[in-house]
Amino acid sequence: MSRVLMVTAEATPFVKTGGLADVLGALPPALAGIGEEVCVVMPRYGSTSLRGEERILHELPLTVGPHTFTAAIDEVQREGVRYLFVDCPLLYGRGGVYNEGGVDYPDNHLRFAALNQAALEIARSIFTPDIFHAHDWPAGLLAPYLRETRAADSSLQSAKCVMTIHNLGYQGLFPRSQLGDIGLSRLFHPEGLEFWGQINYLKAGIVWSDAVTTVSPAYAQEIQTPEYGFGLDGVLRARAAKITGILNGADYAEWNPEHDPHLRRRYSARNLSGKRFAKQALLKELGLPLNLKRPLIGIVSRFADQKGFDLVAEVADQLAAEDLALVVLGSGERRFESMFRALAHSHPAKVYARIGYDNGLAHRIEAGADMFLMPSRYEPCGLSQLYSLRYGTVPIVRATGGLEDTVDESTGFKFHDYSADALLDSVQRALAAWQDRKSWLERMRRGMARDFSWEASAAAYQRLYRSL
Ligand code: ADP
Ligand code: GLC
């Protein structure tokens, strides 16, 4: 058994902007379930919902470069895991996690530097770990800060550091002028924090961690190529020996049509009548014609460049000309919000678009849709396709990263080239396959039987911790 201290910017059910939060809500309890002792450190934002169950543990002094802060540490215990919240309103007491109104907070470098200093303070005074496990760029400075303090601190001397990359597209890049704020000037060189003249938090984490993981085996390979490496492929190739891909799991306690509280009728592979009902209810809720014969395609996503909606934009009118309905839930880049809004406006009987974030509706789309579209340019793992498989909603995906690893032609439809024609072709193949009801049901049931539960992934992390 090891003691694992994880650092993250988000975790369900407390705060979520994407799949990272789902992972930090599910992996720690899964590790606890196989005997690891896990503590998760994250900020307490203005929007963090703690429902008053927290216990205030400590007041900690935080030093970040020349700055000092005081933070209270609030604790919530959940499914055998200690979630510790760094409560420092000056840094985190705001509405957003990283940004507001699409604009990043100007002190993000300081906010997430302080988070890692808080984690090290916690390691000294509250929870001494064998393993530090950093998630994404907000935890990138954990390894360099650990390295800087380790010599002076005997309790942390043998601790190892694991860095998990959930998305290489977000690296935590800051101007060199902010170096003084974080107190790591000594490490600003090309083999360390420096990246084309800027400060790069994720690179620092990659360089100084003992092991690096990504969230699918395919993505672990892809990030070592120029096409997917976001400029860090060389750094990663040079460290190929310490990189592994561990596929995310799906949290079936939260995403399961057999007991989903967001559905009025539950269903399973043995009894699919509830799925038909879910489709009907969804069409009704969104004001689309109640045509159950017409296949319904769902999209639930952040609207980021990564997700491939520029391909949808290219063939939007051709898609809308097919005999289908399309339901879209998402928010992010304005160009995609406008594109989907306009599409819904010109095809009101076929296309519905909700710009925003709505967890209940996300569940009802997973259940009510017949197909789920993820044309990602790149996808480190992707969770929505795992949910779709479990809900009997056939995924149509671009074969990249975790989509490549989790969907095959017997459970879904895949296209390889990142092109609008390839996307259109695979949607048309799905629409043609839909006509054969019997084989469609078989395809749905095969997907529903696939098991991506967290146990296997947690065991893989456990093996990695032990190997260190
Ligand atoms: P990413 O982390 O890159 O956004 P994932 O597929 O790993 O992609 O995870 C996305 C998660 O966020 C899923 O749980 C999905 O249901 C949820 N999600 C994304 N957009 C929305 C939205 N607009 N409303 C509700 N949930 C959303
Ligand atoms: C990132 C990736 C997504 C992955 C998630 C959780 O947000 O974009 O593919 O599933 O992290 O690891």
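Me: How do the residues of the shell around ligand 2 divide into nonpolar, polar and charged?

Reply: In this predicted model, the shell holds six nonpolar, six polar and two charged residues, where Ala, Val, Leu, Ile, Met, Phe, Trp, Tyr, Cys and Pro count as nonpolar, Asp, Glu, Lys and Arg as charged, and the others, Gly among them, as polar. Local features need pLDDT of at least 70 and side-chain atom pairs 80 or more, while totals for chains, interfaces and linings use all residues. Side-chain values use heavy atoms, without hydrogens and water, residues are numbered from 1 along each chain as its sequence is written, and chains are lettered from A and ligands numbered from 1 in the order in which they are written.

Me: What makes the pair between Glu379 and ligand 2 a polar contact?

Reply: A side-chain N or O atom of Glu379 is 2.5 Å from an oxygen atom of ligand 2, and a polar contact is a pair of N or O atoms within 3.5 Å, so the pair qualifies. A polar side-chain atom of His166 lies 2.7 Å from a ligand 2 oxygen, and for Cys381 a backbone N or O atom lies 3.0 Å from one.

Me: Why is ligand 2 said to lie between domain 1 and domain 2?

Reply: Because domain 1 (3-249 + 455-467) and domain 2 (273-451) both give residues to its shell, with bounds from an automatic or database domain assignment.

Me: Why is Ser426 called buried?

Reply: Its relative accessible area is 0%, and buried means under 20% (1.4 Å probe, protein chains only), so Ser426 meets the definition.

How values were computed
A polar contact is a pair of N or O atoms within 3.5 Å; within protein, one must be able to donate a hydrogen and the other to accept it, and residues adjacent in sequence count only if both atoms are side-chain atoms. Buried means under 20% relative accessible area, exposed over 50%, partly exposed in between (1.4 Å probe, protein chains only).
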